[in-house]
Amino acid sequence: MSKMIFNEHQRKLLETNPNVASVSDRAIQYTSEFKIKAVKENLAGKGPVQIFIEAGFDLEMIGLKKAQSALSRWRSTYKTYGEASFLEERRGKASTGRPTSQNLSAEKKLEKAEARIKYLEAELELLKKLEALERQAKKRRF
């Protein structure tokens, strides 16, 4: 299956649609409002084709499968995380997956450093025990 690549003219055309946040040569980022509206309409019985056409998209340009898969993904996200999930960024730099070391209080930084020291000390202790066991094993062989 070949990937859809948008040329400059198609990107500019897509960017004029109010339901589009941004367009790259391979992907369309839709607005949160459009995603929420599309999912609600789909759950009420409208099909992906109708939803995208009514929203002003040329399905020949973006591809029928792209519209169907996007709506399927959004429906799954909506069922799992609710409407609010479309209003917050859950991936990339804005993601809350891994806390940053910036903007931490001095107490939190100290707490993290102490936990890391404890972990590294335990790791060092384990390595020492492993080396001792290896030395014993070598002595027994000879």
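Student: How are α2 and α5 oriented towards each other, roughly parallel or roughly perpendicular?
Tutor: In this predicted model, α2 and α5 are roughly perpendicular to each other (65 to 115 degrees). Their packing angle is about 90 degrees and their axes are 9 Å apart, the axes being lines fitted to C-alpha atoms over the stretch in contact, with angles from 0 to 180 degrees between N-to-C directions.

Student: Which residues make that contact?
Tutor: On the α2 side the contact is made by Phe34, Lys35, Ala38, Val39, Lys40, Asn42 and Leu43, and on the α5 side by Leu71, Trp74, Arg75, Tyr78 and Lys79, where contact means heavy atoms within 4.5 Å.

Student: What about the numbering, and what am I allowed to trust?
Tutor: Residues are numbered from 1 along each chain as its sequence is written. Because the model is predicted, local features need pLDDT of at least 70 and side-chain atom pairs 80 or more, while totals for chains, interfaces and linings use all residues, and side-chain values use heavy atoms, without hydrogens and water.

Student: Back to α2, then. What does asparagine 42 touch?
Tutor: Asparagine 42 sits in helix α2, which covers residues 32-43, and once residues up to four places away in sequence are set aside, asparagine 42 touches Gly47, Pro48, Ile51, Leu71 and Arg75. Two of those, Leu71 and Arg75, also appear among the α5 residues in the contact with α2.

Student: Is asparagine 42 buried or exposed?
Tutor: Asparagine 42 is buried, since its relative accessible area is 14% (buried is under 20%, exposed over 50%, partly exposed in between, with a 1.4 Å probe and protein chains only).

Student: New topic: how many aromatic pairs are there?
Tutor: The structure holds nine aromatic pairs (ring centres within 6.5 Å, using the six-membered ring of Trp; stacked under 30 degrees, edge-to-face over 60, the rest tilted). One of them joins tyrosine 30 and phenylalanine 34, whose ring centres are 5.7 Å apart with planes at 40 degrees, so this pair is tilted. Both tyrosine 30 and phenylalanine 34 are buried. Phenylalanine 52 and tryptophan 74 form another pair, which is stacked, with 6.1 Å from centre to centre and 15 degrees between the planes.

Student: Where in the chain do those last two sit?
Tutor: They link distant parts of the chain, as phenylalanine 52 belongs to helix α3 (residues 48-54) and tryptophan 74 to helix α5 (residues 64-81), 22 residues apart. Phenylalanine 52 counts as buried because its relative accessibility is 0%, and tryptophan 74, with a relative accessible area of 4%, is buried as well.

Student: And which residues form the aromatic cluster?
Tutor: Tyr30, Phe34, Phe52, Phe57 and Trp74 form one aromatic cluster, and of these Phe34 and Trp74 also take part in the contact between α2 and α5.

Student: What about glutamine 68, buried or exposed?
Tutor: Glutamine 68, which is also placed in helix α5, is partly exposed, given its relative accessible area of 33%. Its C-alpha lies 9.4 Å from that of phenylalanine 52, with the two positions 16 residues apart in sequence numbering.

Student: Zooming out, how many helices and strands does the protein have?
Tutor: The protein has six helices and two strands (DSSP runs, H or I of at least four residues and E of at least two, numbered from the N terminus). Along the sequence they follow the pattern α-β-β-α-α-α-α-α. Of its 142 residues, 23% count as buried, and among contacts between residues at least 6 apart in sequence, 42% join residues at least 24 apart.

Conventions
Parallel < 35°, antiparallel > 145°, perpendicular 65-115°, else oblique.
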